[in-house]
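I opened the notebook with a few things to look up. The entries follow in the order I took them.

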Amino acid sequence: MGESSEDFSVVVLASDLGIDARPFLEHQQQQEEENWHDCSQYLFPDEDFSDLDQLQFLLLQGTDKNSNRILRIVGKYFPATVVNAERLKRYVFHKICSELPDEPFCIVYMHTSVQKEDNSPGITILRWIYEELPSDFKDRLQIVYFIHPGLRSRLVIATVGRLFLSGGLYWKIKYVSRLQYLWDDIKKGEIEIPDFVKSHDDILEHRPLTDYGIEPDPFHLTGIPSSTYSFGKYEERWAGRGYVS
């Protein structure tokens, strides 16, 4: 091999002259922790959310029996046709950061009378919003009370939901088919229940098969007067003519 004309040097440091990197790592870790709980980046002071606040589909109300703050969501109040996904995400982040900065919370979602075309943003958008939340927000979410889920919602979450929802959120969902079961976890008066939710709950009490998409009396035939008396009159007339022995 030919000799190289370039000079080079090798510097060898003894092990006891090494630099302790722990102060630098601790400083970096401290910065990460400060950013971890910094909600200011998710607040949007220049954006006006008063129109969404007036709809009251997302409200902070009371606590459950485990002292978790309640974030009430009324699906029927959400205008999915006029609010795009990006603005919905900003509103959810702003609401959580401004009203739930550092405490555990739960969600009470009322699915009563929700129409897919009018009130549902779609499971893909909901998953996107949830996944965009900071990790500590997800950890502070303890449970989701899903009121009046219906057969379709149960099937979607049990099948597609397993693929689209992260495991942490999927296992936090608790179905509540009747309001009376909600009071096992939340005291009455801690959360406001809209009148249409109460009315629907009363219907389910009298027609429980409606929970499974089955309407036992869709045409309300049970309310029609019996025709036995009329048939009896014709029977007597036929008997007089000799058609009935």
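Which residue caps the N-terminal end of α3? I looked, and Asn84 is the cap. One of its side-chain oxygens lies 3.3 Å from the backbone nitrogen of Glu86. I note at the start that the model is predicted.

**Entry: helix α3**

I stayed with α3. The helix covers residues 85–99, 15 residues in total. I checked its span from the first C-alpha to the last and got 21 Å. That is close to the 21 Å expected at 1.5 Å a residue.

Next I listed what α3 buries. Hydrophobic names come up, including Leu88, Val92, Phe93 and Ile96. Charged names come up as well, among them Arg87, Lys89 and Lys95. Tyr91 and Cys97 complete the list of buried residues. I wanted to know what the charged side chains pair with.

**Entry: salt bridges**

I searched the whole structure and found ten salt bridges. Side chains of opposite charge can pair when their charged atoms come close. I followed three of the pairs.

Arg87 came up with Glu47. Their side chains meet in a salt bridge at 3.3 Å, N to O. Why does this pair tie together separate parts of the chain? Arg87 lies in helix α3, while Glu47 lies in the loop between α1 (22–36) and α2 (50–55), so the pair joins parts that are 40 residues apart in sequence. I then checked accessibility. Arg87 has a relative accessible area of 18%, so I count Arg87 as buried, the cut-off being under 20%. Glu47 comes out at 23% and is partly exposed.

I also asked how far the charged group extends here. Glu47, Asp51, Arg87 and Arg90 are linked in a network of salt bridges.

Lys95 was the next one I looked up. Lys95 forms a salt bridge with Glu99, and the closest N and O atoms are 3.2 Å apart. Both residues lie in helix α3. They are four residues apart, about one turn of the helix. Is each partner buried or partly exposed? Lys95 is buried, with a relative accessible area of 9%. Glu99 counts as partly exposed at 31%.

The third pair is Arg69 with Glu103. I read 3.6 Å, N to O, for this salt bridge. The pair links distant parts of the chain, 34 residues apart. Arg69 sits in strand β2 (residues 69–74), and Glu103 sits in the loop between α3 and β3 (105–110). Arg69 is partly exposed at 23% relative accessible area. Glu103 is partly exposed too, at 25%.

**Entry: the sheet**

I traced the strands next. In what order do the five strands of the sheet run? I read β1-β2-β3-β4-β5, an open sheet with mixed pairing. The edge strands are β1 (58–63) and β5 (173–176), each paired on one side only. Neighbouring strands are turned by 25 degrees against each other on average, direction ignored.

I looked at one pairing in detail. Strand β4 (residues 141–147) is joined to β5 by four bridges, and the two run parallel. Phe146 stands opposite Tyr175 in β5.

**Entry: His148**

From β4 I moved on to His148. This residue lies in the loop between β4 and α7 (150–164). Is His148 buried or exposed? I find it buried, with a relative accessible area of 5%. I then looked for a polar partner. The side chains of His148 and Asp201 are joined by a polar contact of 2.8 Å.

I wrote down the wider surroundings, leaving out residues up to four places away in sequence. His148 touches His111, Thr112, Val176 and Ser177. It also touches Val197, His200, Asp201 and Leu204.

**Entry: positive phi**

Last, I checked backbone angles and noted two serines. Phi of Ser67 is near 65 degrees, a positive value in a residue other than glycine. Ser67 is found in the loop between β1 and β2. At 56% relative accessibility, I log Ser67 as exposed.

Ser113 also has a positive phi, near 60 degrees. I place Ser113 in the loop between β3 and α4 (116–119). Ser113 counts as partly exposed, at 33% relative accessibility.

Methods
Residues numbered from 1 in each chain as written. Predicted model: local features only at pLDDT ≥ 70, side-chain atom pairs only at ≥ 80, totals over all residues. Heavy atoms only, no water. Pairing = 2+ DSSP bridges. Axes fitted to C-alpha atoms, helices over the stretch in contact; angles between N-to-C directions. Expected span 1.5 Å × (residues − 1). Buried < 20%, exposed > 50% of the residue type's maximum accessible area, 1.4 Å probe, protein only. Polar contact = N/O pair within 3.5 Å; in protein donor to acceptor, adjacent residues only side chain to side chain. Salt bridge = Lys/Arg side-chain N within 4 Å of Asp/Glu carboxyl O. Contact = heavy atoms within 4.5 Å.
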